[in-house]
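Subject: Structure for your review

Dear colleague,

Please find below the structure that I am handing over to you. I would be grateful if you read the notes beneath it with the structure open beside them.

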Amino acid sequence: MKPPEKQPVEKTEDIAVALFGELFMADQLARNRISKVLPKGMELSHFGVLNHLARVNDERTPAQLARAFHVTRGAMTNTLTRLEWAGHIHIRPDWDDARRKFVAISPAGRAARDAAVQAVAPLIGEVVQALGADRVRAVLPVLREMRTRLEGE
């Protein structure tokens, strides 16, 4: 009888490269599929900001939003300008500090966000159903910890 073959030991770097390769590809594919089902004229960045404002249910400054999404202030200003033009957010000055502004979701923005959630939910629900809710639930703590570790760097 032949002795069992030894499995090669994977290096931590190889595991990391494989993990991040899968994450990057999954991110790209998810963004592409979700972008296709968003309501006409809505971009993924718009949905992200509207969803964030709807969840926190409070005003945020453009700088706070830029930090939350890990983008430059310029990029966030561009997104906010488009959202304001569409009537999805209200931007008001800070009455105590004229240099600062506050952003809030408008009723039209909440409706647009809800329509986007309705469009996206079946798509992402299919993925969870195909993988199995228990498996997805099991991987969430690992992904959350990865995110928090990466945010801390």
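The notes below go from the whole chain to three single residues.

Please keep in mind that this is a predicted model.

The overall picture

The protein contains six helices and two strands. Read from the N terminus, their order is α-α-α-α-β-β-α-α, which places the two strands after four helices and ahead of two further ones.

As to overall dimensions, the C-alpha atoms occupy a box of roughly 80 × 35 × 20 Å along the principal axes. The radius of gyration of the protein is 20 Å, whereas a compact globule of 153 residues would have one near 15 Å. Of these 153 residues, 24% count as buried; a residue is called buried when its relative accessible area is under 20%.

The accessible surface amounts to about 11,600 Å², and carbon and sulfur atoms contribute 58% of that area. The protein carries 23 positive and 19 negative charges, and the mean positions of the two sets lie 2 Å apart. Among contacts with a sequence separation of 6 or more, 53% join residues that are 24 or more positions apart.

Two loop residues with positive phi

Asparagine 57 sits in the loop that links α2 (44-56) to α3 (62-69). Its phi is positive, at about 50°, although the residue is not a glycine. Is asparagine 57 buried or exposed? Asparagine 57 counts as exposed because its relative accessibility is 57%, and the cut-off for exposed is over 50%.

Histidine 70 belongs to the following stretch of loop, between α3 and α4 (73-85). Histidine 70 is likewise a residue other than glycine with a positive phi, here near 55°. With a relative accessibility of 56%, histidine 70 is therefore classed as exposed.

A proline in a strand

Where is proline 93 placed? Proline 93 is part of strand β1, which covers residues 89-93. Its relative accessible area is 36%, so proline 93 is partly exposed, a class that lies between the cut-offs of 20% and 50%.

Leaving aside residues up to four places away in sequence, proline 93 touches Arg100 and Lys101. Proline 93 and threonine 61 are separated by 32 residues in sequence, and their C-alpha atoms are 9.8 Å apart in space.

Yours sincerely,
A colleague

Notes. Residues are numbered from 1 along each chain as its sequence is written. This is a predicted model: local features need pLDDT of at least 70, side-chain atom pairs count only at pLDDT 80 or more; totals for chains, interfaces and linings use all residues. Side-chain values use heavy atoms; hydrogens and water are left out. The radius of gyration is taken over C-alpha atoms; the globule rule is 2.2 Å times the number of residues to the power 0.38. Buried means under 20% relative accessible area, exposed over 50%, partly exposed in between (1.4 Å probe, protein chains only). Contact means heavy atoms within 4.5 Å. Accessible areas come from the Shrake-Rupley method with a 1.4 Å probe; for residues, only the protein chains shown count as cover. Lys and Arg count as positive and Asp and Glu as negative; His and the chain ends are not counted. The place of a charge is taken as NZ of Lys, CZ of Arg, CG of Asp or CD of Glu.
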